[in-house]
Amino acid sequence: MQHIIDRFISYVTIDTESDPKSDTTPSTKKQLVLANLLVKELKAIGMIEVTKDTNGYIMATLPSNLEHEVPTIGFVSHYDTSPDFTGANVKPQITTNYDGGDIILNAERNIVLSPNYFKDLIQYKGQTLITTDGTTLLGADDKAGLTEIITAMEYLIQNPTVKHGKIRVGFTPDEEIGRGADKFDVGKFGAQWAYTMDGSQIGELEYENFNAAGAKITFKGKSVHPGYSKGKMINSMLLANDFINELPKGEIPQETKGYQGFFHVHHLTGSIEETVLELIIRDHNAKKFKKRKDLIHDITKKFNKKFAKQFGEDIVITEIKDQYYNMKEMVEPVMFIVDLAEKAMKDLGIKPLIKPIRGGTDGSRLSYMGLPCPNIFAGGHNFHGKYEYVPIESMQKAIDVIIKIAELTATTDFSVKEITKPKKSKSKKKK
Ligand SMILES: [Zn+2]
């Protein structure tokens with residue numbers, strides 16, 4: 001497993017933090033340092049058609065070693081890291097044969113990775129963990145995915161007795177700032193379906209995510225001297241407050257889980273004359289998602305009706321923009337691609353953890369761009385911060401899953417299954 005560790009460390013020690021304020025692709029030039037290394041490595045292990053376009057998107061091919069035609073599949077991951085926490089000067093630390101207790105990340109600053117707080121740690125007792133030194137994130141999100149895909153391809157090249165069809169790999173910049181799918185050329189990729197290797201703990205398999213929209217609601221007001229304002233003043237801040245109170249109680253992020261949707265007020269700024277309320281709307285169910293948006297419009301109408309006489313024009317102006325949609329709609333018509341991944345895990349003795357994502361993924365956008373793309377675990381935990389860690393054994397299992405999916409694709413009879421591409425439609429950026 002040393003080669004997995006070495007490869008992973010060679011990636012995480014290159015700073016590839018993305019930047020939401022930048023307009024370029026990749027958003028930061030430094031991402032290209034790793035991109036260039038990945039291109040070199042893909043060529044070195046024997047991949048063909050290795051390309052990096054002007055936006056930094058990398059694609060490569062492992063040709064089929066079969067006599068007969070099977071579907072072309074793809075594996076995708078991203079090489080940037082989250083701007084939520086610094087990714088500069090990552091100094092990975094390795095804990096072998098983890099004893100199930102506290103891991104001191106940084107003695108000087110008293111930073112400890114403890115199973116008392118991070119309960120998931122316990123399941124990795126006896127394994128080899130890679131952690132940070134407490135001053136940076138690790139970047140297992142998603143350099144674990146890169147490591148796994150390249151190592152699996154290397155294995156397939158070195159072991160030609162393992163039969164597989166044509167496999168495409170794709171590495172993107174800027175996933176962490178919601179742009180990873182933006183310039184992904186689905187046509188050029190040419191796979192019938194793909195998997196992002198970008199999930200968290202071992203066993204994760206995801207093909208459902210939120211439908212998402214953002215609302216900007218502007219409240220107008222009338223400022224009058226408070227001593228003489230009876231019947232005249234309209235305080236837009238209080239209007240916003242009343243509006244929030246009209247939303248269903250408890251349907252907020254901190255009180256929901258699983259398939260429960262929510263409204264999330266994330267920004268509120270105002271004066272008497274004008275208040276702007278920003279909220280996001282999330283729901284897995286398309287009908288309920290629409291109902292939530294309708295509710296916002298209905299409350300808006302109610303307020304406008306109530307103040308029509310006194311204010312003379314619309315007192316509330318609401319704009320709602322869809323951000324992304326649940327990939328389930330695109331994946332369900334080709335559900336066998338999820339079944340295939342599930343079977344691969346079961347064949348390897350991995351318990352599949354199939355659960356809805358309470359967010360979006362690049363896979364959801366790719367799915368709406370014509371490339372159905374469920375998400376598979378990459379093995380890491382506590383992404384985007386100093387407590388991030390990844391067990392090597394989980395990375396090895398992810399490599400095994402990729403190889404197994406390749407094998408199963410070669411032996412499964414897809415003629416009975418309908419492989420039709422979902423219709424193209426546009427989805428907006430994820431939030
Ligand atoms: Zn990721």
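**Notebook: hairpin, core and an annotated site**

I started with the hairpin: S1 and S2 form it with 5 residues between them, and Gly 56 in the turn has a positive phi of about 90°. Note to self: this is a predicted model, where local features need pLDDT of at least 70, side-chain atom pairs count only at pLDDT 80 or more, and totals for chains, interfaces and linings use all residues. Residues are numbered from 1 along each chain as its sequence is written.

S1 covers residues 48-52 and S2 residues 58-62; the two run antiparallel, joined by 3 bridges. I looked up Lys 52 and found its bridge partner in S2 to be Ile 58. (Strands count as paired if DSSP finds at least two bridges between them; helices, H or I of at least four residues, and strands, E of at least two, are DSSP runs numbered from the N terminus.)

Next, the largest nonpolar core. A core here is a set of buried Ala, Val, Leu, Ile, Met, Phe, Trp, Tyr and Cys residues joined through C-beta atoms within 7 Å. This one has 100 residues, and Ile 149, Ala 194, Ala 341, Ala 398 and Ile 402 touch the most other members. Helix H11 (residues 392-411) gives the most to the core, 9 residues. Domain 1 (2-208 + 327-416) and domain 2 (211-324) both contribute residues, so the core lies between them; the domain bounds come from an automatic or database assignment.

I then checked Ile 402: beyond four places in sequence, its contacts are Phe 75, Glu 148, Ile 149 and Ala 152. (Contact means C-beta atoms, placed from the backbone, within 7 Å.)

Then the UniProt "binding site" annotation (unreviewed entry), which covers His 78, Asp 141 and Asp 198. They span 121 residues in sequence, yet no two of their C-alpha atoms are more than 8.1 Å apart, so they gather at one spot. UniProt annotations may be inferred rather than shown by experiment.

Asp 141 sits in helix H3 (residues 140-158) and is buried, with 26 other C-beta atoms within 10 Å. (Buried means 20 or more such atoms within 10 Å, exposed 12 or fewer, partly exposed in between, with C-beta atoms placed from the backbone.) Leaving out residues up to four places away, Asp 141 touches Thr 81, Ser 82, Gly 380, Phe 383 and His 384.

Asp 198 I found in strand S9 (residues 193-199); it counts as buried too, with 25 C-beta neighbours inside 10 Å. Its contacts beyond four places in sequence include His 78, Ser 77 and Asp 142.

Conventions. Contact = placed C-beta atoms within 7 Å.
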